[in-house]
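I sat down with this model to look up its pockets, its cores and a few single residues. My entries follow in the order I made them.

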Amino acid sequence: MADKHSAGVLVFRRSSNGAVEVLLGHMGGPFWARKDLGAWSIPKGEYEPETEDARLAASREFTEELGLPVPDGTWLPLGEVRYGSGAGKKTLTVWAVEGDLDPAAVVPGTFQLEWPPRSGRFAEFPEIDRAEWFDAATARDKLVAGQRPCLDRLAEHLPD
């Protein structure tokens, strides 16, 4: 099975003391409901690289997941990360954009899932159930393991 391709935008800001903070979304749905560490993600979504530009997909998916547009600003390319196992391998292309979004303004998109499994009933769940700002060290713990290299790449782009 071919890799799935996703594209996303990591929004960052500087706190009052100059530390970098990143905006992450806690993954929605019943599987992630009681998880915290390793259950947060860069706002992202799937696209078909043969038919769509990754940056356009990243912008669309950011807006779909958060209900907010990507902040105006320079897009810093953070490259690709590849993660997952078996048939679930994913290639994620990420850009970082500086901005200051209010997590309370997030209106997440939704998806349908058969729940409980094999019940024949479908329920609607938010793509993300909340968004929050985190300093780099906390973000590293919260973020899905495969996306953590993006934090290092962001740090390389930013002057101290």
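**Pockets**

I started with the largest pocket, in what is a predicted model, and found a volume of about 390 Å³. Its lining has 18 residues, and Met27, Lys44, Glu65, Lys90 and Glu127 lie nearest the centre. I then asked which elements each supply at least two residues of that lining. They include strands β2 (20-27) and β4 (44-47) and helix α1 (54-66). By class I noted 6 nonpolar, 5 polar and 7 charged residues in the lining of the largest pocket.

The second largest pocket has a volume of about 190 Å³. I listed 12 lining residues for the second largest pocket, with Lys44, Glu46, Tyr83, Gly88 and Lys90 nearest its centre. Lys44 and Lys90 are thus among the residues nearest the centre of the largest pocket, and they are also among those nearest the centre of the second largest. The lining of the second largest pocket divides into 4 nonpolar, 3 polar and 5 charged residues.

**Arg60**

Next I looked up Arg60, which sits in helix α1. Its relative accessible area is 33%, so I entered Arg60 as partly exposed. Leaving out residues up to four places away in sequence, Arg60 touches Glu46, Tyr47 and Glu52. I also took the C-alpha distance from Arg60 to Val70: 8.8 Å in space, for 10 residues in sequence.

**Helix α3**

Which residues of α3 are buried? In this helix, residues 149-157, I found Cys150, Leu151 and Leu154 to be buried. Looking down the axis of α3, I saw that the buried residues fall within an arc of 100 degrees, so they line one face of the helix. For the spacing I kept a general rule in mind: an α-helix has 3.6 residues a turn, so residues three or four places apart point the same way. Ala155 and Glu156, on the other side of α3, are exposed. I traced the packing of the buried residues of α3 to β1 (4-14), β2, β5 (76-83), β6 (90-98) and α2 (136-142).

I took Leu151 of helix α3 by itself. Its relative accessible area is 8%, and because buried means under 20%, Leu151 counts as buried. Beyond four places in sequence, Leu151 touches Leu10, Val22, Ala136, Ala139, Arg140 and Leu143. I also checked Leu151 against Leu113: they are 38 residues apart in sequence and 31 Å apart in space, C-alpha to C-alpha.

**Nonpolar cores**

I counted 22 residues in the largest nonpolar core, and Leu10, Val22, Leu24 and Leu154 have the most contacts inside it. At least two residues of this core come from each of β1, β2, β5, β6 and α3. β5 gives the largest share, 4 residues. For Leu10 I wrote down the contacts beyond four places in sequence, including Val22, Leu24, Leu78, Val94, Cys150, Leu151 and Leu154. There is a second, separate core of 20 residues, which includes Ala58, Phe62, Leu66 and Val97.

**Lys142 and Gln147**

Is Lys142 buried or exposed? Lys142, in helix α2, has 14% relative accessibility and so counts as buried. With its neighbours within four places left aside, I found Lys142 in contact with Leu24, Asp36, Leu37, Gly38, Ala39, Trp40 and Phe134.

Gln147 lies in the loop between α2 and α3. Gln147 is buried as well, at a relative accessible area of 1%. Its contacts, not counting residues up to four places away in sequence, are Ser41, Ile42, Lys44, Tyr83 and Leu92. Two of these I had met before: Lys44 and Tyr83 are among the residues nearest the centre of the second largest pocket.

**Loop between β7 and β8**

I closed with the backbone. Most residues other than glycine have a negative phi, and most peptide bonds are trans. I found a cis peptide bond from Trp115 to Pro116, with omega near -5 degrees. Pro116 is in the loop between β7 (110-114) and β8 (122-126). Arg118 lies in the loop between β7 and β8 too, and its phi is near 60 degrees, a positive value in a residue other than glycine. I entered Arg118 as exposed, with a relative accessible area of 77%.

Definitions and conventions
Residues are numbered from 1 along each chain as its sequence is written. This is a predicted model: local features need pLDDT of at least 70, side-chain atom pairs count only at pLDDT 80 or more; totals for chains, interfaces and linings use all residues. Side-chain values use heavy atoms; hydrogens and water are left out. On a 1 Å grid over the protein atoms alone, a cavity is a set of points where a 1.4 Å probe fits but cannot get out, and a pocket is an open set with protein on both sides within 12 Å along at least five of seven lines; lining residues have an atom within 4 Å of a point. Grid points are joined across faces, edges and corners, and a volume is the space filled by probe spheres set on the points. Ala, Val, Leu, Ile, Met, Phe, Trp, Tyr, Cys and Pro count as nonpolar, Asp, Glu, Lys and Arg as charged, and the others, Gly among them, as polar. Buried means under 20% relative accessible area, exposed over 50%, partly exposed in between (1.4 Å probe, protein chains only). The arc is that of the directions from the helix axis to the C-beta atoms. Contact means heavy atoms within 4.5 Å. A nonpolar core is a set of buried Ala, Val, Leu, Ile, Met, Phe, Trp, Tyr and Cys residues joined through side-chain atoms within 4.5 Å.
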